[in-house]
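Please open the model in your viewer and keep the sequence panel beside it. The stops below move from one selection to the next.

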Amino acid sequence: MSVDIHAHGVTPGAGEVEWDFEEIYEEGYHGLTEAEFHEHIDVPANAPAGEYHITFSIEDEEGNIQEFESHIDVTA
């Protein structure tokens, strides 16, 4: 399972830094046919507030990939 988070049209202000996130999670998910995602993702305190796009990609043992997309709001 991989997670990709990035912003669309969010411009960092004074003291803020552009933030995106990509991580692959294998431990605890391998071989499962169903799972709940309970990983903690730290958003830096100096990340710009705004709407971020999040994509979950899940690859099975045969190489088939299913993606789920959503948006999250990062607030100050």
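Which residue takes a positive phi near 90° in the hairpin of strand 3 and strand 4? Select the five residues between the two strands, and there you will find Gly63 with that positive phi. This is a predicted model, in which local features need pLDDT of at least 70 and side-chain atom pairs count only at pLDDT 80 or more, whereas totals for chains, interfaces and linings use all residues. Residues are numbered from 1 along each chain as its sequence is written, and side-chain values use heavy atoms, with hydrogens and water left out.

Next, select the two arms of the hairpin, strand 3 (residues 50–59) and strand 4 (residues 65–74); strands are DSSP runs of E with at least two residues, numbered from the N terminus. These arms run antiparallel and are joined by ten bridges, and one pair to display is Gly50 with its bridge partner in strand 4, Val74.

Now add strand 1 (residues 2–7), which runs antiparallel to strand 3 and is joined to it by six bridges. Here Ala7 has Tyr52 of strand 3 as its bridge partner, while Ile5 stands opposite Ile54.

Show the whole sheet, which is open and has four strands in the order 2-1-3-4 with antiparallel pairing; two strands pair if DSSP finds at least two bridges between them. Strand 2 (21–24) and strand 4 stand at the edges with a single partner strand each, so one side of each has no neighbour in the sheet. Neighbouring strands are turned by 15° against each other on average, direction ignored, with axes taken as lines fitted to C-alpha atoms and angles running from 0 to 180 degrees between N-to-C directions.

For the next stop, select Ala47, in the loop between strand 2 and strand 3. Is Ala47 buried or exposed? Ala47 counts as buried because its relative accessibility is 8%, where buried means under 20% relative accessible area, exposed over 50% and partly exposed in between, with a 1.4 Å probe and protein chains only. Leaving aside residues up to four places away in sequence, Ala47 touches Glu16, Val17, Trp19 and Tyr52, contact meaning heavy atoms within 4.5 Å. A C-alpha to C-alpha distance drawn from Ala47 to Gly13 should read 9.2 Å, although the two are 34 residues apart in sequence.
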